Amino acid sequence: MSRSLHRLIENLRRSLISILQLATVDYATGLRLQQRLVQLRKDGLIGDVLLLLEHTPVITLGRNAKPANVLASSERLAERGVEVFECDRGGDVTFHGPGQLVGYPIFDLRGFDSTDGKRKTLGAVEYVRRLEEVLIRTCADFRIPSGRVAGWTGVWTTPDRVATGLRPAGAEARSRTNHSEAKIAAIGVHISRSVTSHGFALNVNTNLDYFDLIVPCGITSKPVTSMTKELGQQVTLLQVAHSVSRNFGVVFQSEMLWLESLDSLLGHSVGVPMKPPAELRKLHTDEDTFWV
């Protein structure tokens, strides 16, 4: 292969992000899959991949987690069917569960230039800011005003602002019941040899009672919210996944390619449940660590 053709293929590969939407998976399965994809990405055997999924109820503790921020006893957690996992992201305690859209980008940051053009590798802080921007834009698509809070990572509702996005077709305007800044999305990443893992958790239809089991991210001064609570009506994860995909394409200046299965990425079966193809067709139509 000529050098110029190789360069062209590599440039095309760098501008493409493959998306896999999995069914609900337990945290251990999701973690093993991430680890496998990270190694494949480091070896150059796959391109950039964004995993979208839901987890069964789980509390995760980052490297700097304070055990006291898990408020519930082990017996209480067992009653609620909540697992507990330690993981290699930085930071404190958080919750994942049904109704929450979790995204795990497996990206090689060397494929993304910095915004100022001075670096050929996207820096860790700027990468986190871009994830925040994706989620802020996604909230705006549903007319949920959101933004950043100085000193903390993540996305927060900002009721004093006006969202610029459009609500999904058929959605009716509803008065918002929350009138203070509240965390709607958490971001936590791990970066090893420029390849990312872990990612974000956006509360869509999440049962917020689960957050009473912990001190979310160790923050006591601000509540947690969801898209459903902010809108006063249900939003489907499919609608939100579609919006997230589009906004990843805009923010990371990449083409987004929905894959039907992990087999199409890896070339063989790995035994992880996928979303039904019919739901995917609906979508087709229309070592640094950070955590808060």
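**Strand pairing, cores and aromatic contacts**

Strand 6 and strand 10 are paired in the antiparallel sense, over four bridges, in this predicted model. Within this pairing, V102 has A201 of strand 10 as its bridge partner. Strand 6 also pairs with strand 2, again in the antiparallel sense, and here over five bridges. In that pairing, G103 of strand 6 stands opposite L52.

Strand 6 spans residues 100–106, and because seven of its seven residues are buried, the strand is largely enclosed by the rest of the structure. Its residues point in two directions: Q100, V102, Y104 and I106 face one way, L101, G103 and P105 face the other way, and all are buried.

The largest nonpolar core comprises 39 residues, and those with the most contacts inside it are L52, Y127, L202, V240, F248 and F252. At least two residues of this core come from each of strand 1 (16–21), strand 2 (48–53), helix 4 (124–141), strand 9 (183–192), strand 10 (195–203), helix 5 (227–231) and helix 6 (237–251). Helix 4 gives the most, with eight residues. For L202, the contacts beyond neighbours within four places in sequence are G99, Q100, L101, L135, T138, C139, I184, A185, M227 and V240. A second core, separate from that one, has 24 residues, including L20, L31, V49 and I106.

Among the contacts of L202 is C139, which counts as buried because its relative accessibility is 0%, below the 20% cut-off. C87 is likewise buried, with a relative accessible area of 10%. The structure holds zero disulfides.

Aromatic residues were examined next. Across the whole structure, 12 aromatic pairs are found. In one of them, the ring centres of F107 and F248 lie 6.1 Å apart with the planes at 90 degrees, so the pair is edge-to-face. This pair links distant parts of the chain, with F107 in the loop between strand 6 and helix 4 and F248 in helix 6, 141 residues apart. F107 is buried, at 0% relative accessible area, and F248 is buried with a value of 0%. F107 and F248 belong to one aromatic cluster together with F112, Y127, F200 and F252. F252 of this cluster has R130 over its face, at 5.8 Å from the ring centre. Elsewhere, R80 lies over the face of Y210, at 4.4 Å from the ring centre.

Y210 is also among the contacts of V82, which, with neighbours within four places in sequence left aside, are P57, V58, I59, L77, Y210 and L213. V82 is located in the loop between helix 3 (74–80) and strand 4 (83–86). Although in a loop, V82 is buried, because its relative accessible area of 8% falls under 20%. V82 and I59 are 23 residues apart along the chain, and their C-alpha atoms are separated by 6.9 Å.

T228 lies in helix 5, an element that supplies at least two residues of the 39-residue core. With a relative accessible area of 17%, T228 is buried. Beyond its neighbours within four places in sequence, T228 is in contact with V204, N205, Q233, Q234 and V235.

Definitions and conventions: Residues are numbered from 1 along each chain as its sequence is written. This is a predicted model: local features need pLDDT of at least 70, side-chain atom pairs count only at pLDDT 80 or more; totals for chains, interfaces and linings use all residues. Side-chain values use heavy atoms; hydrogens and water are left out. A disulfide is a pair of cysteine sulfur atoms within 2.5 Å. Buried means under 20% relative accessible area, exposed over 50%, partly exposed in between (1.4 Å probe, protein chains only). A nonpolar core is a set of buried Ala, Val, Leu, Ile, Met, Phe, Trp, Tyr and Cys residues joined through side-chain atoms within 4.5 Å. Contact means heavy atoms within 4.5 Å. Two strands pair if DSSP finds at least two bridges between them. Rings of Phe, Tyr and Trp (its six-membered ring) pair if their centres lie within 6.5 Å; planes under 30 degrees apart count as stacked, over 60 as edge-to-face and the rest as tilted. A charge sits over a ring if NZ of Lys or CZ of Arg is within 6 Å of the ring centre and within 35 degrees of the ring normal.
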